[in-house]
Amino acid sequence: MEKIILTGIFIIIGILNGISQEKHTVTLHFKGMKSDKGSLYIAIYNKEDRFLKEPLKGSIIKIIDKKARVVLKDITVGTYAVSAFNDVNDNKKMDTNFIGIPKEPIGISNDAKGFMGPPKYKDAKFKVSENVVLTINVK
């Protein structure tokens, strides 16, 4: 009887582990850029305390016809947020003014906006439990 119970427990643990390791794609469409100048820097975050500091994954893509698209693969089930900025002058950094406000166009998942500071993770987060397609405005 103990062997049957232990076998059942291992099967359940295996199923739960398999579910948590499910991998999906996150397709991101960016729009709103005023030109094709520069590159679009994209970052995806999976932890609130790392939001806008330490991304899980990142990508740099070209803008074509004032739009951009990227597909992030192998994203496990969970909660995420995305940030992007258009490095218009191609100096490989987001330019800000003297108080830290971005001088280059930015976009955040859910079109989250900051008030007296950067956008909050709670406003930008979205769940991944299947393949996801998002549109983000970069302004």
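This passage goes through the aromatic pairs, a charged surface patch and two backbone features of the structure.

The model is predicted, so local features need pLDDT of at least 70 and side-chain atom pairs count only at pLDDT 80 or more, while totals for chains, interfaces and linings use all residues. Residues are numbered from 1 along each chain as its sequence is written, and side-chain values use heavy atoms, with hydrogens and water left out.

Aromatics come up to begin with. Rings of Phe, Tyr and Trp (the six-membered ring for Trp) are paired if their centres lie within 6.5 Å, and planes under 30 degrees apart are called stacked, over 60 edge-to-face and the rest tilted. By this rule there are three aromatic pairs. One of them is stacked, because the rings of Tyr 41 and Phe 85 have centres 4.9 Å apart and planes at 15°. That pair ties together distant parts of the chain, 44 residues apart: Tyr 41 sits in strand β2 (residues 39-45) and Phe 85 in strand β5 (residues 78-87). Strands here are DSSP runs (E, at least two residues), as are helices (H or I, at least four), numbered from the N terminus. Both Tyr 41 and Phe 85 are buried, where buried means under 20% relative accessible area, exposed over 50% and partly exposed in between (1.4 Å probe, protein chains only).

Tyr 45 and Phe 51 pair up edge-to-face, with 5.3 Å from centre to centre and 80° between the planes. These two residues are buried as well, and with Tyr 121 they make up one aromatic cluster.

Turning to the surface, Lys 31, Lys 34, Lys 66, Lys 113 and Lys 139 form a positive patch. Patch members have over 30% relative accessible area and no salt bridge, with like charges joined within 9 Å and nonpolar side chains (Val, Leu, Ile, Met, Phe, Trp, Tyr) within 5 Å. A salt bridge would put a side-chain nitrogen of Lys or Arg within 4 Å of a carboxyl oxygen of Asp or Glu. Of the patch residues, Lys 34 is found in the loop between β1 (23-31) and β2, and is exposed at a relative accessible area of 75%.

Two loop residues other than glycine have positive phi. For Leu 52, phi is near 70°; this residue belongs to the loop between β2 and β3 (57-62) and is partly exposed, at 36% relative accessibility. For Asp 90, phi is near 55°. Asp 90 lies in the loop between β5 and β6 (106-108) and is partly exposed, with a relative accessible area of 35%.

Conventions: Accessible areas come from the Shrake-Rupley method with a 1.4 Å probe; for residues, only the protein chains shown count as cover. Lys and Arg count as positive and Asp and Glu as negative; His and the chain ends are not counted. The place of a charge is taken as NZ of Lys, CZ of Arg, CG of Asp or CD of Glu.
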